[in-house]
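Have the structure open in your viewer and set the display to cartoon. The stops below say what to select next and what is there.

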Amino acid sequence: MSFWEKITKGTAEGLLGGVGDFVKDVRTAITGKEPMTAEQIIKLDEQAKALEQAVLNADVTIAQGQMDINKVEAASSSLFRGGWRPAVGWICAFSLAYQFLM
């Protein structure tokens, strides 16, 4: 049954079915692709989850590497390497106190 036959059928079912087919045809004409099946959507969802997990694993690896570097720097007895963090902290605290309290 064509689009016009469904619309002129006169029932709500015919009207809605005709409009639904029309919308699907317009989407296909615009995108050039057929609507996705449920299996394709599930497969894409699984691929997206796998990609998200890979990105999360990469982020965790980077964070772990940075934590290891921070531990080595903090354990250093050199004032240039291990002492810059407290110095920056005190400078920032003093600057904020001077700017907003004094």
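**Stop 1: a charged pair**

Select Lys49 and show its side chain: Lys49 is exposed, with a relative accessible area of 53%. This is a predicted model, and the values here are computed from it.

Add Asp45 to the selection. Lys49 forms a salt bridge with Asp45, and the closest N and O atoms are 3.5 Å apart. That separation counts because the cut-off for a salt bridge is 4 Å. The count for the model comes to 1 salt bridge. Asp45 is partly exposed, its relative accessible area being 39%.

Now colour residues 38-75, which make up helix 3. Lys49 and Asp45 both lie in this helix, 4 residues apart, or about one turn.

**Stop 2: a nonpolar patch**

Move to residues 84-101, which form helix 5, and pick Tyr98 within that helix. Is Tyr98 buried or exposed? Tyr98 is exposed, at 51% relative accessible area; it passes because exposed means over 50%.

Extend the selection to Phe94, Leu96, Phe100, Leu101 and Met102 and switch on the surface. Together with Tyr98, these residues make a nonpolar surface patch of about 830 Å².

**Stop 3: the whole chain**

Clear the selection and go back to the cartoon. The protein has 5 helices and 0 strands, and along the sequence the pattern reads α-α-α-α-α.

Finally, show the surface of the whole protein. About 8900 Å² is exposed, with carbon and sulfur atoms supplying 67% of that area. Of the 102 residues, 4% count as buried.

Notes
Residues are numbered from 1 along each chain as its sequence is written. This is a predicted model: local features need pLDDT of at least 70, side-chain atom pairs count only at pLDDT 80 or more; totals for chains, interfaces and linings use all residues. Side-chain values use heavy atoms; hydrogens and water are left out. Patches are made of residues with over 30% relative accessible area and no salt bridge: like charges are joined within 9 Å, nonpolar side chains (Val, Leu, Ile, Met, Phe, Trp, Tyr) within 5 Å. Accessible areas come from the Shrake-Rupley method with a 1.4 Å probe; for residues, only the protein chains shown count as cover. A salt bridge is a side-chain nitrogen of Lys or Arg within 4 Å of a carboxyl oxygen of Asp or Glu. Helices (H or I, at least four residues) and strands (E, at least two) are DSSP runs, numbered from the N terminus. Buried means under 20% relative accessible area, exposed over 50%, partly exposed in between (1.4 Å probe, protein chains only).
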